[in-house]
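Subject: Structure for you to look at

Hello,

Here is the structure I said I would pass on. Please open it alongside this email; my notes follow below.

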Amino acid sequence: MRFMSQDVSFVADAMKQAVPYVKTTGIEFEEVSASRVVASLPDTPELHNHIGGPHAAMMFGLGESASGAVVMAAFSAHLAKATPLAVRAEIAYKKIAMGPMRAEAVLGRSADEVLAELESGTRPEFPVTITITNAEGVTTGEMTVVWTLKPAR
């Protein structure tokens, strides 16, 4: 695969600088590769809902941010050719979330396949699947964000 040796260590800091929401909520990026990102959200009272756990919007934001980080990691070398944009997202809240949360985002198609589609003149769409878990590893949410690469004009 073309991206195995790509250095993506910059992604965590880049996300905090490019996306103010990430810094504001305290999202941290624990693992970053060109196909998988693990991000975490601290247990902060300001982010809670009416039952004392992370608000549903915070869970969604954590998952979407993790998906954005994996997209940035996968396609950072190609940002002069195309801009990544979220197209649509779906989330299923599986269990009541309490405490700190983790989101694992996985690129749903190989970057090479997506780039080949872009090079052929087609605007590619590709999913990122996200699993949100609590500190015990229990799945509290599942999410899919579909992204596209909009060709630069």
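**What was found**

M98 is found in the loop between strand 3 (82–93) and strand 4. Bear in mind throughout that this is a predicted model. M98 has a relative accessible area of 41%, and because buried means under 20% and exposed over 50%, M98 counts as partly exposed. Together with I51 and I96, M98 makes a nonpolar surface patch of about 290 Å².

Now the interior. The largest nonpolar core has 40 residues, and those touching the most other members are F29, F75, F126, V128, I130 and L149. Several elements each supply at least two residues of this core, among them helix 1 (11–18), strand 2 (36–41), helix 4 (111–119) and strand 6 (139–151). Helix 3 gives the largest share, eleven residues.

Two of the core residues named above also form an aromatic pair, F75 and F126. The structure holds one such pair. A pair of aromatic rings is described by the distance of the centres and the angle of the planes. For F75 and F126 these are 5.2 Å and 50°, and the pair is tilted. F75 lies in helix 3 and F126 in strand 5, 51 residues apart, so that the pair links distant parts of the chain. Both residues are buried.

V128 is worth selecting in your viewer too. Which residues is V128 in contact with, leaving aside its neighbours within four places in sequence? They are S67, V70, V71, A105, V106, L107, G108, M143, T144, V145 and W147.

Regards

Technical notes:
Residues numbered from 1 in each chain as written. Predicted model: local features only at pLDDT ≥ 70, side-chain atom pairs only at ≥ 80, totals over all residues. Heavy atoms only, no water. Core = buried A, V, L, I, M, F, W, Y, C linked by side-chain atoms within 4.5 Å. Buried < 20%, exposed > 50% of the residue type's maximum accessible area, 1.4 Å probe, protein only. Helix = DSSP H or I, 4+ residues; strand = E, 2+ residues; numbered from the N terminus. Contact = heavy atoms within 4.5 Å. Phe/Tyr/Trp six-rings, centres within 6.5 Å; stacked < 30°, edge-to-face > 60°. Patch = residues over 30% accessible without salt bridge, like charges linked within 9 Å, V, L, I, M, F, W, Y side chains within 5 Å. Areas by Shrake-Rupley, 256 points an atom, 1.4 Å probe, with all protein chains shown as cover. Salt bridge = Lys/Arg side-chain N within 4 Å of Asp/Glu carboxyl O.
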